[in-house]
Each structure stands twice: as C-alpha cells, then as structure tokens.
Amino acid sequence: MGGKQDQNEAYGKPAKYDSSFRGPIKNRSCTDIICCVLFFLFILGYIAVGLVAWVYGDPQQVLYPRNSTGAYCGIGENKDKPYLLYFNIFSCVLTTNIIGITQNGPECPTPQVCVSSCPEVPWTVETAQLSQTVGQVFYTANRNFCLPGVPGDMQVLQSLRQELCPSFLLPSTPALGRCFPWSNSTVPELPGISNTSIAQGISGLLDSLNARDISVRIFEDFAQSWYWILIALGVALVLSLLFILLLRLVAGPLVFVLIIGVLGVLAYGIYHSWEEYRVLRDQGASISQLGFTTNLSAYSSVQETWLAALIVLAVLEGILLLTLIFLRQRIRIAIALLEEASRAVGQMMSTMFYPLFTFVLLLVCVAYWAMTALYLATSGQPQYVFWAPNVSLSGCEKVLMNTSCNPMDQPVNSSCPGLMCVFQGYLSTGLVQRSLFNLQIYGVLGLFWTINWVLALGQCVLAGAFASFYWAFHKPRDIPTFPLSSAFIRTLRYHTGSLAFGALILTLVQIARVILEYIDHKLRGTQNPMARCIMCCFKCCLWCLEKFIKFLNRNAYIMIAVYGKNFCVSAKNAFMLLMRNIVRVVVLDKVTDLLLFFGKLLVVGGVGVLSFFFFTGRIQGLGKDIESPQLNYYWLPIMTSILGAYVIASGFFSVFGMCVDTLFLCFLEDLERNDGSVDRPYYMSKALLKILGKKNEMPPGDKRKK
C-alpha cells in the first residue's frame, strides 16, 4: 500500500478542488518575460538581416543570365533579348549542378551576347566569306549574334580574330535563359575537342537543364484544369468536415469496425504465413541451403522466414485481443471523448478554419526566409577584369590580365587581339560577404524558430477555445460568445514568451538533426560500418527526442491555455498528470491515431480515385460542359488534387486531434478535482459519467453553487 502511494507521489499529487475555478483563467499575468524579450530582439535582428540582404543582394543574377560585360539579358537595355548565346560553348567547363549554373553560368572563356532568339539552323563561316563585311555575312542574313556596337563595314576575318562575332552557330534550345545546342546537331571540327565528347556533354546537360518545354506543358495543364482541381479540393474539404461532425454518431461503430478489420488482417496474415510455411517445410527449403545473400527477395522462399512472420503476427494478434479484453473500459472512454470532441467542434465551427490562418503565417515565414536567403546569396559588387582569348599573341604581353576595368569603357584598337573587359564575379571581401555564412545560419535559425512559434500559437489558441467548451457546466449556454478570438487575444497578450520558449527548445533539437544529416551526407562515402552504425544511433536518438519534445510541448500549451502559468510549470504539470494516467493516455492515443488515419485515408483516397476516373476520361455521360479537359500529363492534376486533399485533411484533423487532447487533459483534471457532489459536480458529459459508473448529485437543471 505504501509502495503504491509512493509511486503516485513520484508523479505529483492530484489536483485539488478550487471553488473559484471556472475553466481557462481570465486573471493572468505575462509568462516567460525573458524569453519573450529575447524572441522580440531576435525578430528585430531577423528583420535587420532581411534589410541588409535587400540592400546588398542582387537576385537578378539568379533570375537572368549575364553577357560578357555583366549586363543582364531580358531586362533594361536587353529587355527584348532574354537569351544568352555563347560563341563557343564547348570551351565551357560544363557541370550538371543546376543551382551553380543558374547563379554563375558555365565557366566560359568565350564571348557571351544577349540575343532575342536562339539559332535554329546550323551555320559556319565559309572561307569565301572571310573577306566580306560583317553587315553582308551577319546583319543582312538576320544573324544578329555579334557583340553590340560591331560596325557593319568591319571585315569578317578581323571580327573573328577579335572574337566580336561567332565563327559558327548550332541549332540551340533555351534552357535557364541560355542557348544550349541540340544533342543531335552536327558539330563543326573544333581543335582539341572530339565530336563524341561534345555530343555526350550536350546530351547530359540538356537532360538535366532543358525543362522549358515540360514547364510550358505543365503550365498549360494547370490552365486547363485549375477549376477542376479547386472542385476536388472543395470535395476534400466537405468530406473532412462531414467525417468529423458525424463522429458523434458513428465513432463507436467505426472504431469497432476498424479494430475488427485490424484483427482480420492479422488473422489473414497468420493463415497466409502458415500456408507458405507448410508448403516450404514439405519441400525442405531451409535457410541453411540458401546461406547469406543480399537479395532479400530470396528469403521469401525459405521456411524460416514464414515461421518468423507467423510467430510475430500471432503475438501481435494475442496482444491486441488481450488489450481489448482487459482495456475495454478505457477504449469506451476514448470513444466517448472522440464523440465529445466532435460535439465541441460542431459548437465552435470557426476552429475548423483556424488552420487557414496558421497556413498564411507559415507561408509568410517561409517566403521571408527564402527571399532573405536569395538576396544574401547574391550579395556583392560586380567585378570586371581584362581578358583575351590568347594571351600568348604579340601585343598581349604588355596588358595586365585579370586586373580591374570599366565595362562601359571597352578597349578599342588594342594591340592585344580580342582584349575585352568581361564580368568575372561578385566581390566577397565586403563586411556582408565575410559574414555571409553567419547571416545564413541566423536565417535558418529564424526560419525554424518562427515556424515552430506559429504552430505553437495555433495549438495554444485551439486549446484555450476547447477548454472553455469542456469547463462550461451547461453546454452550450455557458460557452463564451467568441471562444476562439478570446483565446487568441489571451495567448498573444500573456504567453508569447512561453510559446517562444517551447519553440526554441524544439528548434535547437531540429537544428541538431539538420547538422547531423549534413555531416552524414558529407561523410557517407568514407564511413566504415561502425561509423555508420554510430551515426544511425545518433540520428535515431535525436528523432525520438524531437518526437518527445513535440508531445510535451503540445500538452504544455494546453495547460498554459487553461491555467496561464509559465512553460516549465505547465510542462511539468502536464507530464505528471499524464503519467498518473499513463494507460488511458496510451489507449486514447492509439484509438485516435487509428481513427484519424482512417479519416485521412477516406478523404485522400476518395478524392484520388475520383480525380483519376475524371481526368483520364473514364467517367462517361457527364455532358459536354463537364467533360474532362485534354491534358499533356493527366497525372499532374491528379497528384495536385491528392496532395491538396492531404493538406486539407491534415489541417482539419489536426484541429480535431487538438480538441481530443485538450478534452482529455480537462477530463483527467475533472476526475481529480471533483467527486460528483453538490458542491463539486463533474463537468464531463453524461456518456462519460455512465461509463465510469459515476453521477452528479446535483438535480438536473439546478445551477452550480457559487
């Protein structure tokens, strides 16, 4: 007896009766002020980082290609010339790193010019054309591919020596704003470069970069099917809402059917494993004959595999049956709480659309971080240097190559053939550039912290609204008029610091996981089996720690919403309360997970099947006005509808899950605070009172004593 009492006291003492308690505390004070100040200072610093990035950044270098002088193609004076043409692209150091090519372009020691369109037919300067003028060979033939300002009366031979005009053109396709030759185009004879390597390089480059045609087709498909996608998302919204609202009527039968279904699946697995084991046993197929192999499918042909599966499934079946027998009372309580949660959502329909507000805030956080990171990555002043195609020619020895120059003052009539002032890159010696890595780390920390804070705000606000439902003695008469808005204002006014505290703890763990994943990615090729095992253990431990902190934070926010205490006290009280009722916690959690999984499967699967049959034209007789559109990729609107349905279902069911968790904690507090007497009546529903075998002594209709 004493041991049991000591065990209960190890998880704290039960909550005591408080005659003044009427649900979420209204007279409360600010909590975790230090963390609130720290969070606001961090946000101010985050804004300052964004301003610095805005001032020094130049995202145009990612959005638009640059010519040899550093001018952008597609904007400004080159507005009508959106593509970049390389005179000799085969002198480039090609790479399949899309981000690097997009930002810096291929490293090409060749002139680059902005053009209105890429060449469509192959062409090479003929010997007879060398004595003609640039105007005759290029301009009159509509080959506007020379550098700007080349006079039409210049001799072609001279323009080629100075690399003012290209010596050949290849049929090209625009990709990422640059003209890349077709993989099947005929390549001219180039010194030191084989046609085979050129063809392979072009093919590999186009395979990784040439997404323009695909993107156009995708855009066309979205333009043709966007309204049908919206209809599919509307169907997902209606299905999610109906599923939650109907749970008050079908929660019990639905949970019973799902449990029977799980038992049936396990029973069939046992039967199938036994049949396979019996056949293989009679054939004498044993693992000793197979030995060790990396072909995992080979193990399905030995009897030991099916014997192990048979034992595991039988154990799971037995555990589930014993759970149903000995924990049937707690399962009934879990079902009653699910029905009560459905009733609470029905009384406060505005809570179902609160995830839209959370989604907008998350979108703002991600968009701000993305723009800040982009501007930071493109910060720096452009640098221009002298460059010549062949520095060994006579007259070039006097020119200091790679020294700074002014691109607006190009060298004319220089003794060095082909001398140009070209763009080299962006300076990395400024204060911002030296601190670029630190600023990016600050931005990543800001992304995680703000996202976790927004999610914490949503959880605390919803918890406050649903707690006001539970602690209303006469429902719905005693429910506040605007429970959601009241909880939102109360949370922002008093508990911003507590939410920031919990979000910061979770952020640090997530940052540690990101760092560990980065290290694992960098060292993946050099690790030995022991190092991989240790890394896997660390990753598993951090994953478990993140899951536990999310669980603890979620329940701490519920206690904050109800009692208005700081984060640490709320987390401790929530954890102790759950540990005093650990069996009920496990049963409710698993029953809720099973039900919500089925709900998501119903919504997403229903929308996916409906979208598949509609967009593939398999639904006949709908009429001309609602027939499926003609698409390039019919899977695109189907996958978009499925993804959107999953997001919508997750948003609705997250509200329902928060409602269940809040009502559950309030239910546990109700059991500890009250005893059903006239002075201390229970606040729980009549269904829960009936399951527990309890009742309120207060006659129906009487008001609670003040």
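Begin by selecting helix α20 (residues 582–615) together with helix α21 (residues 635–673), which pack at an angle of about 160° with their axes 9 Å apart; the axes are lines fitted to C-alpha atoms over the stretch in contact, and angles run from 0 to 180 degrees between N-to-C directions. Because angles over 145 degrees count as roughly antiparallel, α20 is roughly antiparallel to α21. The crossing of α20 and α21 is right-handed, a word used when the near helix is turned clockwise from the far one by less than a right angle. Colour the contact by residue class, and you should find 20 nonpolar, seven polar and two charged residues; here Ala, Val, Leu, Ile, Met, Phe, Trp, Tyr, Cys and Pro count as nonpolar, Asp, Glu, Lys and Arg as charged, and the others, Gly among them, as polar.

Keep in mind that this is a predicted model, in which local features need pLDDT of at least 70 and side-chain atom pairs count only at pLDDT 80 or more, while totals for chains, interfaces and linings use all residues. Residues are numbered from 1 along each chain as its sequence is written, and side-chain values use heavy atoms, with hydrogens and water left out.

Next, select helix α9 (residues 247–283) and helix α12 (residues 328–347), which pack at about 155° with axes 8 Å apart, so that α9 is roughly antiparallel to α12. Their crossing is right-handed, and the contact (heavy atoms within 4.5 Å) involves Leu-247, Arg-248, Ala-251, Gly-252 and Val-255 of α9, with residues of α12 including Ile-335, Leu-338 and Glu-339.

Now turn to strand β5 (residues 172–175), where Ser-172 and Pro-174 on one side and Thr-173 and Ala-175 on the other are all buried, meaning under 20% relative accessible area with a 1.4 Å probe and protein chains only. Add strand β6 (residues 178–181), which pairs with β5 in the antiparallel sense over four bridges; strands count as paired if DSSP finds at least two bridges between them. Ala-175 stands opposite Arg-178 in β6, and in the turn of this hairpin, which has two residues between its strands, Leu-176 has a positive phi of about 55°.

Finally, select strand β2 (residues 112–115), whose faces are both covered, with Gln-112 and Cys-114 buried on one side and Val-113 and Val-115 on the other. Strand β1 (residues 83–86) pairs with β2 in the antiparallel sense over four bridges, and Leu-85 stands opposite Val-113.

Methods
Buried < 20%, exposed > 50% of the residue type's maximum accessible area, 1.4 Å probe, protein only. Parallel < 35°, antiparallel > 145°, perpendicular 65-115°, else oblique.
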